[in-house]
Amino acid sequence: GGGDGGGADGAAGVVADDGGAYRPLPLLSSSCPGWVCYAEKIHPQALPYVATAKSPQQIAGTLVKHVLTRGGAGEGEGEGAAMGAPTPAEVLHVTVMPCFDKKLEATRRDFMDA
């Protein structure tokens with residue numbers, strides 16, 4: 001399963017991702033950005049098997065910036081719309097994490113709109 005050490009979810013075959021596209025199994029997953037960076041640099045042949053799910057930090061950022069702000073889910077939608085909440089661009093999402101690699105995750109361009 002998932003977890004910080006990575007792992008293999010499934011045994012053989014394919015699985016549909018978020019967009020309905022099929023990906024090969026085993027599905028490798030980890031919430032550790034250091035593990036993903038390691039795979040990118042040392043084992044690029046494993047990248048087709050890496051899960052595309054958001055990390056807990058990315059999920060929290062999405063909720064803060066796109067659900068609890070004015071216009072987050074579309075103008076007039078979101079929990080903060082009626083309360084005069086700030087726009088997503090006005091929000092700075094800060095997390096305190098026990099791992100230095102979370103800083104790496106927060107600075108990756110492919111996760112900026114997470």
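## Working through a predicted chain

Cys37 is buried, with a relative accessible area of 15%. Keep in mind that this is a predicted model. Here are some exercises on it.

**Exercise 1.** Work out why Cys37 counts as buried, and find which other residues of its helix are buried.

*Solution.* Start with the cut-off: buried means under 20% relative accessible area. Cys37 has 15%, so it counts as buried. Next, look along helix H1, residues 33-42: its buried residues are Pro33, Gly34, Cys37 and Ala39. Finally, check what they touch: the buried residues of H1 pack against helix H3, residues 101-107.

**Exercise 2.** Find how many disulfides the structure holds, and how far the nearest cysteine sulfur is from Cys37.

*Solution.* First, recall the chemistry: a disulfide is a covalent bond between the sulfur atoms of two cysteines. Now the count: the structure holds 0 disulfides. For Cys37, the nearest cysteine sulfur belongs to Cys32 and is 9.6 Å away. The cut-off for a disulfide is a pair of cysteine sulfurs within 2.5 Å, and Cys37 is in none.

**Exercise 3.** Decide whether Ile59 is buried, partly exposed or exposed, and name the surface patch it helps form.

*Solution.* Place the residue first: Ile59 lies in helix H2, which spans residues 56-66. Then take its relative accessibility, 43%; Ile59 therefore counts as partly exposed. As for the patch, Ile59 joins Leu63, Val67 and Leu68 in a nonpolar one on the surface, and together they have about 330 Å² of accessible area.

**Exercise 4.** Describe the chain as a whole: its elements, its burial and its surface.

*Solution.* Count the elements: 3 helices and 4 strands. Put them in order from the N terminus and you get β-β-β-β-α-α-α. Turn to burial: of the 114 residues, 21% are buried. The accessible surface comes to about 7,400 Å², with 61% of that belonging to carbon and sulfur atoms. Last, the contacts: among those between residues at least 6 apart in sequence, 42% join residues at least 24 apart.

**Exercise 5.** Find where in the chain confidence is lowest and where it is highest.

*Solution.* Begin with the overall figures: the mean pLDDT is 73, and 68% of the residues reach 70 or more. By element, strand E1 (residues 8-9) is lowest with a mean of 43, while H1 is highest at 87. Over residues 1-12 the pLDDT is below 50, though this stretch has 29 contacts in the model beyond near neighbours in sequence. Where pLDDT is low, the predicted coordinates should not be read in detail.

Notes
Residues are numbered from 1 along each chain as its sequence is written. This is a predicted model: local features need pLDDT of at least 70, side-chain atom pairs count only at pLDDT 80 or more; totals for chains, interfaces and linings use all residues. Side-chain values use heavy atoms; hydrogens and water are left out. Buried means under 20% relative accessible area, exposed over 50%, partly exposed in between (1.4 Å probe, protein chains only). Helices (H or I, at least four residues) and strands (E, at least two) are DSSP runs, numbered from the N terminus. Contact means heavy atoms within 4.5 Å. Patches are made of residues with over 30% relative accessible area and no salt bridge: like charges are joined within 9 Å, nonpolar side chains (Val, Leu, Ile, Met, Phe, Trp, Tyr) within 5 Å. Accessible areas come from the Shrake-Rupley method with a 1.4 Å probe; for residues, only the protein chains shown count as cover. A salt bridge is a side-chain nitrogen of Lys or Arg within 4 Å of a carboxyl oxygen of Asp or Glu. pLDDT is the predictor's confidence in each residue, from 0 to 100.
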